[in-house]
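I opened the notebook today to write down, step by step, what I looked up in one structure. My plan was to take a few residues in turn and to note for each where it sits and what it touches.

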Amino acid sequence: MLIIPAMALPLLFLFNVDGVVAQAILITTAMPASVNSSVIAQQYSDDPEYAAEIVMMSTLLSAITLPLVIYTALNIF
């Protein structure tokens with residue numbers, strides 16, 4: 001959950017995006033997996049338990065990683 005923001009940061013500089021828009025994009029890239037993925041897995045009978053575990057783990061890890069990304073976004077942009 002830090003890899004995608006780390007990849008997005010150079011792109012934001014490359015495309016000269018700054019301010020609140022850059023902050024929003026960077027913070028959005030650090031968001032946890034969507035609950036919709038487990039609902040879709042349930043719908044198509046494609047290992048919904050694993051999808052639910054991924055959603056749970058990414059949500060728990062976001063409690064640590066998201067504040068770091070928010071702090072970075074506020075200080076850089």
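The entries below follow the order in which I looked things up.

**Entry 1: what kind of model this is.** I noted before anything else that this is a predicted model, and I kept that in mind for each value I wrote down.

**Entry 2: Phe-77.** I began with Phe-77, which lies in the segment after α4. Which residues does Phe-77 touch, leaving aside those up to four places away in sequence? I found Leu-9, Leu-12, Phe-13, Val-17, Asp-18, Gly-19, Ala-22, Gln-23 and Leu-26. I also looked up the spacing between Phe-77 and Ala-30, and their C-alpha atoms are 16 Å apart in space, with their positions 47 residues apart in sequence.

**Entry 3: two residues of helix α2.** Next I turned to Gln-23, which I located in helix α2, residues 19-29. Is Gln-23 buried or exposed? I put Gln-23 down as buried, because its relative accessibility is 15% and the cut-off for that word is under 20%. Its contacts, not counting residues up to four places away in sequence, are Ala-73, Leu-74 and Phe-77.

I then looked at Ala-22, which is in helix α2 as well. Ala-22 has a relative accessible area of 0% and is therefore buried. Beyond the residues up to four places away in sequence, Ala-22 touches Leu-12, Val-17 and Phe-77, so I could match this with the list for Phe-77, where Ala-22 and Gln-23 both appear, given that contact means heavy atoms within 4.5 Å. From Ala-22 to Pro-10 I noted 11 Å, C-alpha to C-alpha, for two residues 12 apart in sequence.

**Entry 4: two residues of helix α4.** I moved on to Val-69, which is found in helix α4. Val-69 counts as buried because its relative accessibility is 5%. Which residues does Val-69 touch, again not counting those up to four places away in sequence? The contacts I wrote down are Leu-2, Pro-5, Leu-26, Ile-27 and Ala-30. Pro-5 and Val-69 are 64 residues apart along the chain, yet their C-alpha atoms are separated by 7.5 Å.

Leu-61 also has its place in helix α4, but Leu-61 is partly exposed, since its relative accessible area is 43%. I found Leu-61 listed in a nonpolar surface patch of about 750 Å², together with Met-1, Leu-2, Met-56, Met-57, Leu-60, Ile-64 and Leu-68. Leu-2 caught my eye here, as it belongs to this patch and is also one of the contacts of Val-69.

**Entry 5: the loop between α3 and α4.** Which residues form the negative surface patch? I listed Asp-46, Asp-47, Glu-49 and Glu-53. I followed up Asp-47, which sits in the loop between α3 (35-43) and α4 (48-76), and I recorded it as partly exposed because its relative accessibility is 45%.

Ser-45 is found in the loop between α3 and α4 too, and with a relative accessible area of 64% it is therefore exposed. I noted that the phi of Ser-45 is near 50 degrees, which is a positive value in a residue other than glycine. Ser-45 and Ile-27 are 18 residues apart in sequence, and I wrote down 32 Å between them in space, C-alpha to C-alpha.

**Entry 6: the loop between α1 and α2.** Lastly I looked up Asn-16, which lies in the loop between α1 (3-14) and α2. Asn-16 is not a glycine, although it has a positive phi of about 55 degrees. I recorded Asn-16 as exposed because its relative accessibility is 63%.

Key:
Residues are numbered from 1 along each chain as its sequence is written. This is a predicted model: local features need pLDDT of at least 70, side-chain atom pairs count only at pLDDT 80 or more; totals for chains, interfaces and linings use all residues. Side-chain values use heavy atoms; hydrogens and water are left out. Patches are made of residues with over 30% relative accessible area and no salt bridge: like charges are joined within 9 Å, nonpolar side chains (Val, Leu, Ile, Met, Phe, Trp, Tyr) within 5 Å. Accessible areas come from the Shrake-Rupley method with a 1.4 Å probe; for residues, only the protein chains shown count as cover. A salt bridge is a side-chain nitrogen of Lys or Arg within 4 Å of a carboxyl oxygen of Asp or Glu. Lys and Arg count as positive and Asp and Glu as negative; His and the chain ends are not counted. The place of a charge is taken as NZ of Lys, CZ of Arg, CG of Asp or CD of Glu. Helices (H or I, at least four residues) and strands (E, at least two) are DSSP runs, numbered from the N terminus. Buried means under 20% relative accessible area, exposed over 50%, partly exposed in between (1.4 Å probe, protein chains only).
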